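Biologist: I would like to go through a ligand site with you and ask how each label is justified. Please show me the model.

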Amino acid sequence: MRRAPTAILISGRGSNMASLIEAARDPGFPARIVLVLSNRPDAAGLSVARAAGIPAAVLDHGPYRGDRAAHEAAIDEALRGAGAAFVCLAGYMRRLTPLLVGRWAGRMLNIHPSLLPAFPGLHTHARALAAGVKLHGCTVHLVTETVDAGPILAQAAVPVLPGDTEETLAARVLACEHILYPAALANVAGGTGAAALQPPAAALFNPLPLRPATT
Ligand code: GRF
């Protein structure tokens, strides 16, 4: 089986990155991780990747201040140099320009901690609590020029429980992210590259039991 070479972009702790690396250790998984790239030299995920035997590099955006195009050109070169067919954004905290997004159209995925189109952007768990929603979750989508607005590939929902704090809700969602992202990547990478442009089967599942209603 040809396994699609896949790169991961991170900026921080890299727990989603770790879940993708772990899933891809299975030789039956349709993608293999060829590179982890961080825009921050202090990203904790870098050492996690290296410990797993994955090449991990830093392309610090700092020296490119004022020239996003040059930074993205360097990222693109690294991705191509690694032979990547797909790119997974996993907590990558830089807004991308049409340059990089256009070059990887249909082949760049992101995971976002909400049920898009609800709560794009930051602080999704606090906003979900403030809005009083009863279901929250995460979304894997294709990256387009508009942040958190690309075609949805897969979603997982969790209940918002009485007494939830931002931290408890975030932890419940994160556990789902770690299941959903590998599943979505497998779905996309298991087809042809072009299949990513079609809406693949979305997964809506809830791995956690709903608390029975109390009277
Ligand atoms: C995750 O919540 C992800 O959905 C969002 O950024 C966070 C990254 O966490 N895009 P981690 O670095 O994968 O642990």
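The questions below concern the ligand, the residues around it and the pocket.

Modeller: Keep in mind that this is a predicted model.

Biologist: What makes Arg13 a polar contact of the ligand?

Modeller: A polar side-chain atom of Arg13 lies 2.4 Å from an oxygen atom of the ligand. The cut-off for a pair of N or O atoms is 3.5 Å, so this pair counts.

Biologist: Which backbone atoms pass the 3.5 Å cut-off with the ligand?

Modeller: A polar backbone atom of Asn16 is 2.8 Å from a ligand oxygen, and a backbone N or O atom of Ile111 is 2.9 Å from a ligand nitrogen. Both distances are within 3.5 Å, so both pairs are polar contacts. Of the 370 Å² of accessible area that the ligand has on its own, the protein covers 85%.

Biologist: Why are Gly91 and Glu177 listed around the ligand?

Modeller: Being near means having a heavy atom within 4 Å, and the residues listed on that basis include Gly91, His112, Pro113 and Glu177.

Biologist: How do you know that the shell has two charged residues?

Modeller: Arg and Glu count as charged, so Arg13 and Glu177 are charged. The rest of the shell divides into two nonpolar and five polar residues.

Biologist: What is known of the space that the ligand takes?

Modeller: That space is the largest pocket, with a volume of about 1,000 Å³. Its lining has 34 residues, and among those nearest its centre are Gly91, Tyr92 and Pro113. By class, the lining has 13 nonpolar, 15 polar and six charged residues.

Terms used: Residues numbered from 1 in each chain as written. Predicted model: local features only at pLDDT ≥ 70, side-chain atom pairs only at ≥ 80, totals over all residues. Heavy atoms only, no water. Polar contact = N/O pair within 3.5 Å; in protein donor to acceptor, adjacent residues only side chain to side chain. Areas by Shrake-Rupley, 256 points an atom, 1.4 Å probe, with all protein chains shown as cover. 1 Å grid on protein atoms, 1.4 Å probe; cavity = no way out; pocket = protein on both sides within 12 Å on 5 of 7 lines; lining within 4 Å. Sits in = over half its atoms within 2 Å of the grid points. Points joined across faces, edges and corners; volume = space filled by probe spheres on them.
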